[in-house]
Amino acid sequence: MNCVIIDDDKLSTKIITEFITRTEGLYLVESFSNPIDAVNALNKPDSSGIQLIFLDIEMPEMSGIEFLKALNTLPQVIIYSSKEKYALESYEYDVTDYLLKPVTYGRFIKAI
């Protein structure tokens, strides 16, 4: 399953990258620290190979929820955040799962 990470926090991105690398069948295509760059890349016609997005909510310039609204088509999305308050709203976008930071590998696997 081809996936991307969208998160401005380098440590969180590193952890999710390690989890993806350890998980058979997951392939990290790209990581974005800026959600605007991610929207531009994922709204291109040739981006249809992305099947899963790991998405943070609180980012500068554009929140994860705003990011979801900006995509032409949504693949599966797993949101991970340090705050519970966005969970309910995120399910309005049919997200696959909502993980609270710090994410453990066990919880990551369950979401997958």
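**Close-up views of a five-stranded parallel sheet and its helices**

**Figure 1. V4 of β1 has partners in two strands**. The bridge partner of V4 in β2 is E30. In β3, V4 stands opposite I53. Strands β1 and β2 run parallel and are joined by 5 bridges. β1 and β3 also pair in the parallel sense, over 4 bridges. Strands count as paired if DSSP finds at least two bridges between them. Helices (H or I, at least four residues) and strands (E, at least two) are DSSP runs, numbered from the N terminus. The model is predicted: local features need pLDDT of at least 70, side-chain atom pairs count only at pLDDT 80 or more, and totals for chains, interfaces and linings use all residues. Residues are numbered from 1 along each chain as its sequence is written, and side-chain values use heavy atoms, leaving out hydrogens and water.

**Figure 2. The open sheet has 5 strands**. Their order is β2-β1-β3-β4-β5, with parallel pairing. β2 and β5 (97–100) are the edge strands, each pairing on one side only. From one strand to the next, the twist averages 20 degrees. β1, helix α1 (residues 10–22) and β2 form a right-handed β-α-β unit. Right-handed means that, with the strands pointing away from the viewer, the path from the first strand over the helix to the second runs clockwise.

**Figure 3. Helix α2 lies across β1, β2 and β3**. The helix runs at about 150 degrees to β1. Axes are lines fitted to C-alpha atoms, for helices over the stretch in contact; angles run from 0 to 180 degrees between N-to-C directions. Within α2 (residues 35–42), P35, A38, V39 and L42 are buried. Seen down the axis of α2, these residues fall within an arc of 100 degrees, so they line one face of the helix. The arc is that of the directions from the helix axis to the C-beta atoms. An α-helix has 3.6 residues a turn, so residues three or four places apart point the same way. The buried residues of α2 pack against β1 (2–6), β2 (27–32), β3 (52–55) and α3 (64–70). At the start of α2, a side-chain oxygen of N34 comes to within 2.7 Å of the backbone nitrogen of I36.

**Figure 4. Y80 of strand β4 is buried**. Its relative accessible area is 1%; buried means under 20%, exposed over 50%, partly exposed in between (1.4 Å probe, protein chains only). The side chains of Y80 and D7 make a polar contact of 2.9 Å. Such a contact is a pair of N or O atoms within 3.5 Å; within protein, one must be able to donate a hydrogen and the other to accept it, and residues adjacent in sequence count only if both atoms are side-chain atoms. Beyond four places in sequence, Y80 has contacts that include I5, I16, F54, I57, L99 and V103. Contact means heavy atoms within 4.5 Å.

**Figure 5. T13 sits in helix α1**. The residue is buried, with a relative accessible area of 15%. A polar atom of the T13 side chain lies 3.0 Å from the backbone oxygen of D9. Residues up to four places away aside, T13 touches I5, D7 and S31.

**Figure 6. S90 belongs to helix α4 (residues 87–90)**. S90 is buried, at a relative accessible area of 0%. Its side chain reaches the backbone oxygen of A87 at 2.6 Å. Not counting residues up to four places away in sequence, S90 touches I65, I79, V95 and Y98.
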